[in-house]
Amino acid sequence: MRLGLAIDLDTCVGCHACAVACKEWNGESLMAGPLPDYDAYGKEATGTWLNRIRHYECGTYPENKTVNVPMSCMHCEDAACVTVCPTGASYKRPDGIVLVDADKCMGCSYCAWACPYGARELDQDEGTMRKCTLCVDRIYDERLPEADRQPACVLACPTHARAFGDYDDPDSDVSRAAKGRSLPPMLEKLGYKPVNQYLAPRQAPEIKMQPPRPKKSLADYIRDWAGAGKGS
Amino acid sequence: MIETTSQPIAFEDTEGQEVKRTTCYMCACRCGIEVTLNREGRVRFIKGNRDHPVNQGVLCAKGSAGIMKQYSKAKLTGPMRRKPGSERGAGAFEPISWDEALGTLAERLARIRATDPRQLAFFTGRDQMQALTGLWAQQFGTPNWAAHGGFCSVNMAAAGLYSIGYAFWEFGAPDWDRTKYFMLWGVAEDHSSNPIKIGLDKLKRNGAKFVSVNPVRTGYSAIADEWVPIRPGTDGLLALAMVHTLLSRELFDAPFLSRYTNAPWLVIDAPGTAKDGLFLRDEAGQPLIHDRKQGTFVGGLGAGIDPSLFGEFDAPGGLKVRTVLTLAAGRYLDERYSPAVAGPQCGVPAETIERLALEMASIAFQETIEIPVKWTDVWGQEHDKVVGRPVSMYAMRGISAHSNGFQACRALHLIQMLLGALEGPGNFRARAPYPRPIPPGQLPENDEAVMAAPDKPLGKTPLGFPVKPEDLAVDKDGNPLRIDHAYSWESPLAAHGAMHMVITNAVNADPYPIDTLMMYMANMAWNSTMNTAGVRDMLRAKHAQGPKKGEYKIPFIVVSDAFDSETVRFADLVLPDTTYLERHDAISMLDRPISEADTVADAIRHPVVKLDRDVRAFQEVLVDLAGRLKFPAFTNADGTCKYKDYPEFIWRFEKAPGIGFLAGFRGKEGEKSLKGEPNEKQWERYIENGAFFSKHWEPGEQWMRHWNRDYQVKAVEATFIPKVEPIVMQIYSEPIQKFRLAGQGLYEGPKPPKAGDRERLVKYFDPLPDWYAPLDGDGADDGEYPFHAITQRPMVMYHSWDTQNVWLRQIMAGNFLYMNAAEAKRRGLESLDWVWVESRIGKIRCQLKTMEGVESNTVWTWNAIGKQSGAWGLEKGASESTHGFLLNHLISEHLPKAADERSLTNSDPITGQAAWYDLKVRITKAAPGEEGVWPLFDGVTR
Amino acid sequence: MRPAWSVIFFTVSSGAGLGLLAILALLRLLAARVVPDGTALPMLALGLLLTTAGLCSSTFHLANPKNAWRSASRFKTSWLSREAVFAGALYPVALLYGWTLWSGTGGALQAICGVLLAALAVVVMYSTGMIYACLKTIPRWNHGLVPVGYVALGLYSGTLAALPVIAAKSGGPVPVALALALLAAALAVKGAYFVIFGAPKAVHTMADALPLGKKEIRLLDTGHTHRTFLTDEFFFRLARRQARFLRFAVLVLAFVLPLALLTVGVSGPPALAFVALSAFTGLLAERWLFFAEAEHTVRLYHGQRAVG
């Protein structure tokens, strides 16, 4: 099983809905939280987030394109964050989800150093590491209606640019969304085999153009139109 | 592969948790939310309501961050008055009781009402309760009421309502499921944010093309298939160049134009006379058309006509008449509208303009959609299908906030009309209670005697839609009757008022001084104003001489807000409001309900969190004051209050028999909708239903509602429209021509006494959509102020009232001025340079960033990030006050003028829409050592 | 990477301590006359002191040190666990070795303990180096010379630490040649490292980080205004001038000055202690640079065009 997200860069408008929904759910989640804020009303407010949205530009004006890239844990198949963790706090579940058991974490940040994507952030109050859990406490919570057994980010995303599921299941939401549209993995040559996939911005659809009609003079138009009273 | 481990999952402790459904209020979108409360009643989680028609389960960043707003440090905790002896604006307050607060206020208001009700100016911000505030102002008897629409969106609303019977903004929506080509004009992240996002996803999935016309490529434009960087303020010209292309290639929907628009109506050509430019009408006033079959003039609204779309005819009485479309063709086929001429002015290549127009036409005419559905038109003819030309458009702020926005928006509607792409499958479609007659038959109060009459309500609502010069709110000398000069010769169609002029005019006693300025949720001392620093001085301006020497020019300021905004500091009396999770609200059918194209819907809020401080919902305050002041609509015959509180007012009040604020669950048992007796259990029924009501229109009622009999019968019943009749879309606007005639001195009725007004009417009141250069930029030396400077709010904060939210402020707590990278290089500027930004009225210093996605002649920034130090619960030195800046300081509320001329509002000359996107600036590198945002405003920390 | 003083002091101090232990054991095995019994014990004590001081310092790097005892849990995969396990194994061996010295139990037991001690000290130093070298996310660390450098610098600094003790206690010849040989070895390793990583490289680029199939990717906005854990941890900005100065300082304090002083034949405990202190200071700067110059791939997502 390889549970993960498919994130569609063709429809992500960079609205941060996923990031805030994540912070809200996971801030009090027993599996992921707390996610403290520091200097919340002060000079330089900052805090712990499990999902951050970055905004990029490609190409040069006027052929430029703006691309919004949400980033959270990729739940790598070969997750270096897990193997380097000395305490056993970081672990990978059989379903592929990479988690931190905060009760075991000594806050050495070594896993964060090993993660190429910046997906792990330290809770500086408790001194333990935080990361995306794929909302493991939602997706398996049978008390929730089935439609709600999804990560908070997926539920919130207004452009449905996020899908969740098992990449090993060809019929899952993610497999279907990613089919033929996946971008190469980020920092592929590191070999960590990130499970999350990003879907490429699509090519603009082609418009079949109506055969052009010749331009005429205004007087001709009015005469023709007055006579025929028709257009297309 | 690495080893895996299983450990038990610790699930949410749901014991004692409760889920309540209500409506979000973090912006103007009105999404349905499910609020999970933990056993202490504290909000645990806010999630989108999947059954809700607006957001269908999704939720934006603001919506989720609502929890941090509920627990914000910036919340006001109790009523306060300015400390005796302290200066206004210093922010020194002392707590008082509600009894005292409302007692003193009621006493003052009673005195005003008994002498000259106009002395109360009541302006509200982005609230969603204008049906109530408008009724309250009307009952008080003051015309000086409006919300922030004059600052925000009136150009969109008015252009639509004077052209197509509904509008961009909240009165229509693209048919996301069916459209195959979508053109988005300007920044539009401000309204319907989740529905648009949901829609953009559908477009992409369906393979539709998404074109964005916008000087800046962020937000929705980021994912557009094609980005058209345009020079700000030239959208109208670009649209008309597309019209030129469509006409010159004979690409228009003749049947649609002849049946559903006034394209065949006959315009009198009699220059120099009072009839010039008016429609040829019969004795009953019905516009006439030339019937091709009969060869005669017949009523244009009747059944079975076959109108000539083009032609020039001799009408009885020796009048020369031409069809509207003939006039339009004559106008737009002129070379000045050709892509080759217009393109360079818009900064868009001519080929691009032409191609985009042809793409739209190709989709419209080659990829037509037909939906088999039986429907009957208002003429009684039965149809077995609807035909859609699947091109749609949407536009908001980017078009609206220019002084030519009204005409620009009409130009967009003209494209839609030419393509026959309105109200059909794949089109921009109306949302109930729209469509309405064009314009809606609601005139603003303009009787000076009624306005001045003591203790008497106005006879009409303060705001409405003038159709002729007689409808203006001016005195016999042509001077404005309203404090904001709405409906004056300066802003004749100011359908949303002109909030941005209130403070300036009040301080200048123009047309008269006022006693009390009451503001609700309107940050008029900061980002909801032009010339912010100047306006802040005006709020504390005192008479320098005369009997009132030393007294404030605006004697009393009342502010109601839930949070400690910049404007709260300028209050003499602060009435603290609740948060949206703590109160009742009606998102009313009488106002701006949440209908979608296929459904009629409205919604409520109800308290889901218990109040923990001494604050009151402003609605409750209004109902309370209405009782104290004995407004007729709120008082029983025996003088007692009719309603004990706001919820009772909402379910019991009837505007007309059976018509109330909420359209759902009416009738004794809640079995009726749209119309029915008041239902005591209406609130409960809404709450049970997830805080909204929605009803699907029958398939035969869903389309072409301007001409759909079955729909209109129901709409008449619901009082959406007065009668079943064709709502003919107006390419050519006769009301506007009447104002032009007044400007020309030809109108048989009121005419503007001042030459300046006459010129403006002649110049800008074009009955056909036209384009003129933005007023403030017009004549300004391009060399002196070469850049257009515009703003937008980030999606995480749009319309979100406040930005102190501790999660959202982490995402953005400071702003930069963005410039095109190549342009910056040409000017020797680099990212992170400190620069001076100067306009004709002032300068600011800020930090530059370069980017690719901005048109070369444009600079832009995120709006309303800058905060006054100490406001919004932020600590001293918060980066919003040290690294955030407002462009508002650079925008004058007045147009440039010669010394002897009077000041004219920097607004659209037709609608009075504040033209804050017309700003032109120059940018210079700050000297070495000149760093930091300037100006800074002294903070107050309480 | 943000230079963390706790870790810098840890690696320098433990490195010297472990180096000292290894050298002690080797000298006792191969040239016992240089380290007579009376000298060996103080050397052992100093070695353990430096090692322990370093290890203690390293716990200051932990945000939740109460779980530090768990750090040996992942021996199979984590170099940090391995370091902890080997360091943990080293102490009983060192103590037993100390007992043999104290009790005068020479012979096979001391020899076995000595071999074990030297081996463990080197393995611990190597593990420390591998903690960094195994991180593919940080190209400047992800190199074979890194653990070799940790061992070489540890042995070198350990030897320098031994010299004043030997001079003070044994009164006999001081193994200057050994120190000079290790200096040369350490300088060679470090020199090679500086040559390889002298100029910034582009091991990973923004295009690798964001394989969007688009040209010229640039950051527009990071999505947060102020510092975050990521910027704190991975965004140390080192001015080029500062880097040059520090490299110079490393060269002078850690190598040139000790070389000069040892070649001119300074002797006596205070002078040799000064040499050792100079080298330590130089190595602190070296270790600070090791962090400050290292670039993590997270920077690519924050707009840096390449890391390496």
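How many salt bridges does the rule find across the interface of chain C and chain A? Just one. Before you go looking for that pair, keep in mind that this is a predicted model.

**Stop 1: chain C against chain A**

Show Lys189(A) and Asp208(C) as sticks: they make a salt bridge, and their closest N and O atoms are 3.7 Å apart. Polar contacts across this interface are another matter, with 34 residue pairs found, both partners at pLDDT 80 or more. To see which elements of chain C take part, colour helices H3 (79-103), H4 (107-133), H7 (206-209), H8 (229-234) and H11 (298-301), plus strand E2 (218-221); each of them gives at least two residues to the side that touches chain A. By type, the residues on that side of chain C split into 30 nonpolar, 18 polar and 11 charged.

Now select the whole contact, which is 59 residues of chain C and 62 of chain A. Together the two chains bury about 4,800 Å², and 61% of that is on carbon and sulfur atoms. Highlight Arg74(C), Phe229(C) and Tyr301(C) next: this trio supplies 14% of the area that chain C buries against chain A, more than any other three residues.

Switch to cartoon and pick strand E4 of chain A, residues 52-58. E4 pairs with E2(C) across the chain boundary, antiparallel, over three bridges. For a spot to centre on, take Tyr56(A), whose bridge partner in E2(C) is Leu219(C).

**Stop 2: a loop in chain A**

Stay with chain A and go to the loop between helix H6 (173-178) and strand E11 (197-199), where you'll find Leu187(A). What is the sign of phi at Leu187(A), which is not a glycine? Positive, at about 45°. That's worth a look because most residues other than glycine have a negative phi.

**Stop 3: chain B against chain A**

Bring chain B into view. Here 97 residues of chain B are in contact with 87 of chain A, and the pair buries about 7,900 Å², with 57% of it on carbon and sulfur atoms. Ile2(B), Gln7(B) and Glu250(B) are the three to label, as they supply 9% of what chain B buries against chain A, more than any other three residues.

There are five salt bridges between chain B and chain A. One of them to zoom in on is Lys47(B) with Asp148(A), where the closest N and O atoms sit 3.3 Å apart. Then select helix H13 of chain B, residues 350-366: with eight residues, H13 gives the largest share of the side that touches chain A. That side of chain B divides into 47 nonpolar, 26 polar and 24 charged residues.

**Stop 4: inside chain B**

Select strands E17 (369-376) and E18 (382-388) of chain B, an antiparallel pair joined by six bridges. Trp375(B) stands opposite His383(B). The two strands make a hairpin with five residues between them, and Gly380(B) in the turn has a positive phi of about 95°.

Move along to the loop between strand E20 (428-430) and helix H16 (448-452), home to Pro433(B) and also Pro435(B). Check the peptide bonds here: Ala432(B) to Pro433(B) is cis, with omega near 10°, and so is Tyr434(B) to Pro435(B), with omega about 10°.

Finally, colour chain B by its domain assignment: domain 1 (80-148 + 454-576), domain 2 (162-433 + 729-733) and domain 3 (787-925). The C-alpha centres of domains 1 and 2 of chain B lie 38 Å apart.

Note on methods. Residues numbered from 1 in each chain as written. Chains lettered and ligands numbered in written order. Predicted model: local features only at pLDDT ≥ 70, side-chain atom pairs only at ≥ 80, totals over all residues. Heavy atoms only, no water. Pairing = 2+ DSSP bridges. Helix = DSSP H or I, 4+ residues; strand = E, 2+ residues; numbered from the N terminus. Contact = heavy atoms within 4.5 Å. Buried area = accessible area lost by both parts, 1.4 Å probe. Salt bridge = Lys/Arg side-chain N within 4 Å of Asp/Glu carboxyl O. Polar contact = N/O pair within 3.5 Å; in protein donor to acceptor, adjacent residues only side chain to side chain. Nonpolar A, V, L, I, M, F, W, Y, C, P; charged D, E, K, R; others polar. Domains from an automatic or database assignment.
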